[in-house]
Amino acid sequence: MSELVIEGLRAAVDGQEILKGVDLVVKSGEVHAVMGPNGSGKSTLGHVVAGRPGYEVLGGSVRIDDVEILTLPAWQRAEAGLFLAMQYPTEVPGVALRDLLRASVGTSDDPEVIDERMRAEAVRIGFGEKFLERPLNVDLSGGEKKRNETLQLGVLRPKFAILDELDSGLDVDALRLVSSRVEQATEEDGLGVLAITHYSKLFQELRPDKVHVFAAGRIQETGGAELATELESTGYERWVEPAPAKPANGLPDDPFADPLA
């Protein structure tokens, strides 16, 4: 049993604090959904945990099995068992998916075994084998890139995966295949999942153990799977501070109002 423990995590970009004290524990085989409005800091949470450059960590801790990973570069966090499925996967010209995975999987694994694992994963998510030879994500559609990320997840078999809006860009059939594959990884490999999303459609196949409402840089409320369904109908309004009123600049609030009335 492994644990991803996030405690009091605070982080800033360009001097502006985005994460304002995040506490979260994900155990092997669990699925935690992080749902919230645009600009609430959900993706920042994923990026800071994965070690993306450009963020200033102001405080807190992120540990995998009692190993502090905030001080590690991104590649060592991956070695520790962390995987980030990016919202906008990066194109890497000149590097084929097959070569990337051969280099990333443990060196003790037989290359033939890795190749067989890649082909098997491609079949499971309906991803053509031709993409194994293509440069990573180059000229792929949004949906193909998300399948590509899912294939990498299946081959690498990390301890924990952060899925940053995995559902964006996928059609109904692709979403079912991809989310089913991640759910199977939680059962077969004990994968722990932190799924960042706006919508509950991802959870028709990938079943969350806990749903966290994320707003204003921290978790505001935690509930069961039913909370995701509730959010679809109620939205995030009660956790979002109203925008400050704009100055009138000498003009009436209603430009069509009769000034003599």
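Is R176 buried, partly exposed or exposed? I looked this up first and found R176 partly exposed, with a relative accessible area of 40%, where buried means under 20% relative accessible area, exposed over 50% and partly exposed in between, taken with a 1.4 Å probe and protein chains only.

Before going on I noted that this is a predicted model, in which local features need pLDDT of at least 70 and side-chain atom pairs count only at pLDDT 80 or more, while totals for chains, interfaces and linings use all residues. Residues are numbered from 1 along each chain as its sequence is written, and side-chain values use heavy atoms, with hydrogens and water left out.

**Salt bridges**

I then looked for the partner of R176 and found D173, whose side chain meets that of R176 in a salt bridge (3.2 Å, N to O); the term stands for a side-chain nitrogen of Lys or Arg within 4 Å of a carboxyl oxygen of Asp or Glu. D173 and R176 are three residues apart in helix 6, and so are separated by about one helical turn. Helices (H or I, at least four residues) and strands (E, at least two) are DSSP runs, numbered from the N terminus. D173 is partly exposed, at a relative accessible area of 46%. I also recorded that salt bridges with shared partners join R98, R102, D115 and E133 into one network.

Searching the whole structure, I find 15 salt bridges. One of them pairs E7 with R63, with the closest N and O atoms 3.3 Å apart. This pair links distant parts of the chain, since E7 is in strand 1 (residues 3-13) and R63 in strand 4 (residues 56-64), 56 residues apart. E7 is partly exposed, with a relative accessible area of 39%.

Another salt bridge that I checked joins R124 and E188, the closest N and O atoms being 3.0 Å apart. Because R124 lies in helix 4 and E188 in helix 6 (residues 172-188), this pair ties together parts that are 64 residues apart in sequence. R124 counts as partly exposed at 32% relative accessibility, and E188 is partly exposed with a relative accessible area of 47%.

**Helix 3**

I turned next to helix 3 (residues 97-104), where L97, R98 and L101 are buried. They cover an arc of only 100° around the axis, which puts them on the same side of helix 3; the arc is that of the directions from the helix axis to the C-beta atoms. The buried residues of helix 3 pack against strand 7 (92-96), helix 4 (111-124), strand 8 (135-136) and helix 5 (142-156), with contact meaning heavy atoms within 4.5 Å.

**The largest pocket**

Last, I looked at the lining of the largest pocket, which by class has 17 nonpolar, eight polar and five charged residues. Here Ala, Val, Leu, Ile, Met, Phe, Trp, Tyr, Cys and Pro count as nonpolar, Asp, Glu, Lys and Arg as charged, and the others, Gly among them, as polar. A pocket is an open set of points on a 1 Å grid over the protein atoms alone, where a 1.4 Å probe fits, with protein on both sides within 12 Å along at least five of seven lines, and lining residues have an atom within 4 Å of a point. Helix 2 gives the most to this lining, with five residues.
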